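Thanks for making the time this morning. I would like to walk you through one structure, so please have a look at the sequence and the coordinates, and then we can go through them together.

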Protein chains: 2
Amino acid sequence: MDNKEISQAVIGRLPRYFRFLGELKDEGVERISSQELSDIMNVTASQIRQDFNNFGGFGQQGYGYNVAYLYEEIGRILGLDKTHKLIIIGAGNLGQALANYTNFDRRGFLFKGIFDCDPSLYGKKIRSMEIRPMEELEDFVKENEIDMAVLTIPKASAAQVARRLSHTGIRGIWNFAHVDLDVPDGIQVENVHLSDSLMKLAYNINRSENQMLPGFESQLMDEK
Amino acid sequence: MDNKEISQAVIGRLPRYFRFLGELKDEGVERISSQELSDIMNVTASQIRQDFNNFGGFGQQGYGYNVAYLYEEIGRILGLDKTHKLIIIGAGNLGQALANYTNFDRRGFLFKGIFDCDPSLYGKKIRSMEIRPMEELEDFVKENEIDMAVLTIPKASAAQVARRLSHTGIRGIWNFAHVDLDVPDGIQVENVHLSDSLMKLAYNINRSENQMLPGFESQLMDEK
DNA sequence: AAAATATTGTCAATTCATTGACATTCCCTT
DNA sequence: AAGGGAATGTCAATGAATTGACAATATTTT
């Protein structure tokens, strides 16, 4: 297996492949060709083959791909064969919702603790975990060998918390705060900017409405 | 203003521009050059100018961009000058968390109702809105001229709900269910696949660990 | 066992996105 | 009011991602 960098465009598609292959596997499908997968997933067969070949050949010429094998390999590429210990920082609505979302566990993302700076929340239990004060953050991460931190705190405090985390040995931050975090090399950040996503939806709605209505130019003219 | 299609790559960057410009505006910054913005945002000045010019020239040669004006224009492009009425379908952890997230209102995304199929939730209030039974969905959307539906339901029921929505005049679906929805033209779907995002983070953590450790090839060899 | 068929892996072509370069235009100072 | 300086808008060049094409190779059938 070679060492060349895989583009994030490819990585971004892997989870979707993984999902479809998992479903096919559950349905008992044993083998699939890139063309069949293409039909199901609405991407070109060429792209599918190109994507998989970034990681070496998983298929058999004249046969196709073994679903269960491919599923497992992609899982391995994504690092899902290993478990990850995560903590949630910020026990607001979103933090608590994510803490209660048990599906992540099934993929090896283990919920190990939740923190907040609001004393009135200390001790409250979420999935049998007490909400802990922020003061305990660093020690907890080190003692429990936490890999990942989920940031569900207001943007104002996110940068500071990220800075604190960067000295703890944490490997990745799943950032729901609406800021760009600046972290040292070796710490990965994955942003989930919900409001950005909602704005994109607003744009696309807007655009499709303008496309449908005849004479929309005049509307635009109005606004000087 | 011309009618040519703008690439989603560009659209995807607009919310981030919007955020930075909003912050600059709040700080009282009046004008900014593409180069200054480039330094702040870590994208090339050329890309910034190219992006803005998709929508016509917002700047002044020799001067730069007026922050407040540019902010407003991008908001307009994103459709944030209009209000959007949204409902949430699925009053589980995530649905309730989003319902309680008041920041969306500030951008004109108005929370108008929340639905669930669990009778034990009917009547429970969230931000002074009762949780409604799914049976009332179609009538409610039509009577209240709802634009957007937020889908925070399990994947099993998402396709069916999307089908029901497609007959109501809804314009967009913000989809948190882990499936690809198939909707008619004219209805926009924006997916938020949290587990995909988490897998990407897992991949990048994994990759960076392999890069750092010398002799990681031998680890790969082990697995036959 | 050989021929026919299917499908990958990969190279080349194309399309799309980003970056670089610079003429043009406007601001600002003198 | 005129000239120098600054920064846009835009075109061209580069680079990245996607698609198309096909030789190589395995499977399946006869």
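In this predicted model, an N or O atom in the side chain of Arg49(B) sits 2.9 Å from a base oxygen of DNA strand D. Two further polar contacts to that strand involve chain A: the side chain of Arg13(A) places an N or O atom 2.8 Å from a phosphate oxygen of DNA strand D, while the side chain of Gln61(A) has an N or O atom 2.9 Å from a sugar or linking oxygen of DNA strand D.

Let me widen the view around this strand. DNA strand D is surrounded by 26 residues, and the closest are Arg13(A), Ser46(A), Gln50(A), Ser34(B) and Gln61(B). If we take the atoms of DNA strand D that come within 4 Å of the protein, sugar and phosphate make up 61% of them. Which element gives the largest share of the surface near DNA strand D? That is H3(A), with four residues. At least two residues each are supplied by helix H3 (45-53) of chain A and, on chain B, by helix H3 (45-53), strand E2 (59-60) and strand E3 (64-66). By residue class, the surface near DNA strand D divides into 18 polar, four charged and four nonpolar residues.

Now to the other strand. Around DNA strand C there are 26 residues, of which Ser34(A), Gln61(A), Ser46(B), Gln50(B) and Gln61(B) come nearest. Several polar contacts here go to bases: an N or O atom in the side chain of Gln61(A) lies 2.5 Å from a base oxygen of DNA strand C, a base oxygen of DNA strand C is likewise 2.5 Å from an N or O atom in the side chain of Gln50(B), and Ser46(B) brings a polar side-chain atom to 2.8 Å from a base nitrogen of DNA strand C. The elements giving two or more residues to the surface near DNA strand C are, on chain A, H3, strand E2 (59-60) and strand E3 (64-66), and, on chain B, H3. H3(B) provides the largest share of that surface, four residues. Sugar or phosphate accounts for 62% of the atoms of DNA strand C within 4 Å of the protein, the rest belonging to bases. The residues of the surface near DNA strand C are four nonpolar, 18 polar and four charged.

How, then, are the two protein chains related? Chain A superposes on chain B with an RMSD of 0.1 Å after a rotation of 180° with 0.0 Å of shift along its axis, and the two copies are therefore related as by a two-fold rotation axis. Both copies use the same surface, since 100% of the contact residues of chain A recur in chain B.

Finally, a word on the layout of chain A. The domain assignment gives domain 1 (8-77), domain 2 (84-192) and domain 3 (195-224), and the centres of domain 1 and domain 2 of chain A, taken over C-alpha atoms, are 33 Å apart. An unreviewed UniProt entry annotates residues 16-55 of chain A as "DNA-binding region"; this span is 70% helix and 5% strand, with its end C-alpha atoms 16 Å apart. For residues 79-180 of chain A, UniProt lists "domain: CoA-binding", again from an unreviewed entry, and there the chain is 28% helix and 28% strand, with 25 Å between the end C-alpha atoms.

Key. Residues numbered from 1 in each chain as written. Chains lettered and ligands numbered in written order. Predicted model: local features only at pLDDT ≥ 70, side-chain atom pairs only at ≥ 80, totals over all residues. Heavy atoms only, no water. Near = heavy atom within 4 Å. Polar contact = N/O pair within 3.5 Å; in protein donor to acceptor, adjacent residues only side chain to side chain. Nonpolar A, V, L, I, M, F, W, Y, C, P; charged D, E, K, R; others polar. UniProt positions renumbered as here; feature names shortened; annotations may be inferred. Least-squares fit on C-alpha atoms with pLDDT ≥ 70 in both. Contact = heavy atoms within 4.5 Å. Domains from an automatic or database assignment.
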